[in-house]
Amino acid sequence: MGGREIAVVVLLGLAGLVVVLSAVGFLAARDTLPRLHFVTPVTSVAGPLTGAAYVVQLGPGLAAGLGVVVVALLAVTGPVLGSAVARVGAAEDGLLPDGDQA
């Protein structure tokens, strides 16, 4: 097994660890808002780690570049969507101040 394959296995292992730990935290949390905090690392950490493994496996080229674009979009939009869902949930639970509804 060469250096490239070892790097891919390590990156995918770390991504899998993040997903498993996020799932455990998600199951342990009782309310919606804390659960959303445990889902966010999947898109902001595990996604880029998986994308990095993809790029390392492919090497330089168009397919790797497209993978980087997809992972960048995931890393940027995932936390924003999580925040938007949390804001709607907080508004429905009446946790936002008056006049600051989603």
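Begin by selecting R35 and F26: R35 lies over the face of F26, at 5.0 Å from the ring centre. The structure on screen is a predicted model. A search for pairs of aromatic rings finds 0 of them.

Next, select residues 32-58, which form helix α2. Does the length of this helix, taken between its end C-alpha atoms, agree or disagree with the expected span? With 27 residues at 1.5 Å a residue, α2 should span 39 Å, and its end C-alpha atoms are 39 Å apart, so the two agree.

Move along α2 to A46, where the helix has a kink of about 30°. The proline P48 follows shortly after this kink. Then continue just past the end of α2 and select G59, whose phi is positive, at about 80°.

Return to α2 and colour its buried residues: L36, T43, A46, G47, L49, G51 and A53. A46, the site of the kink, is thus one of the residues to be coloured. To see what covers these buried residues, display α1 (3-28) and α3 (62-92), which are among the elements that do so.

Finally, centre the view on T43, a residue of helix α2. Why is T43 classed as buried? Its relative accessible area is 18%, and T43 is buried because the limit is under 20%. Show its side chain, which reaches the backbone oxygen of T40 at 3.0 Å. Apart from neighbours within four places in sequence, T43 is in contact with P48, L74, A75, G78 and P79. Among these contacts is P48, the proline that comes shortly after the kink at A46.

Notes
Residues numbered from 1 in each chain as written. Predicted model: local features only at pLDDT ≥ 70, side-chain atom pairs only at ≥ 80, totals over all residues. Heavy atoms only, no water. Phe/Tyr/Trp six-rings, centres within 6.5 Å; stacked < 30°, edge-to-face > 60°. Lys NZ or Arg CZ within 6 Å of the ring centre and 35° of its normal. Helix = DSSP H or I, 4+ residues; strand = E, 2+ residues; numbered from the N terminus. Expected span 1.5 Å × (residues − 1). Bend = angle between axes of the 7 residues up to and from the residue. Buried < 20%, exposed > 50% of the residue type's maximum accessible area, 1.4 Å probe, protein only. Contact = heavy atoms within 4.5 Å. Polar contact = N/O pair within 3.5 Å; in protein donor to acceptor, adjacent residues only side chain to side chain.
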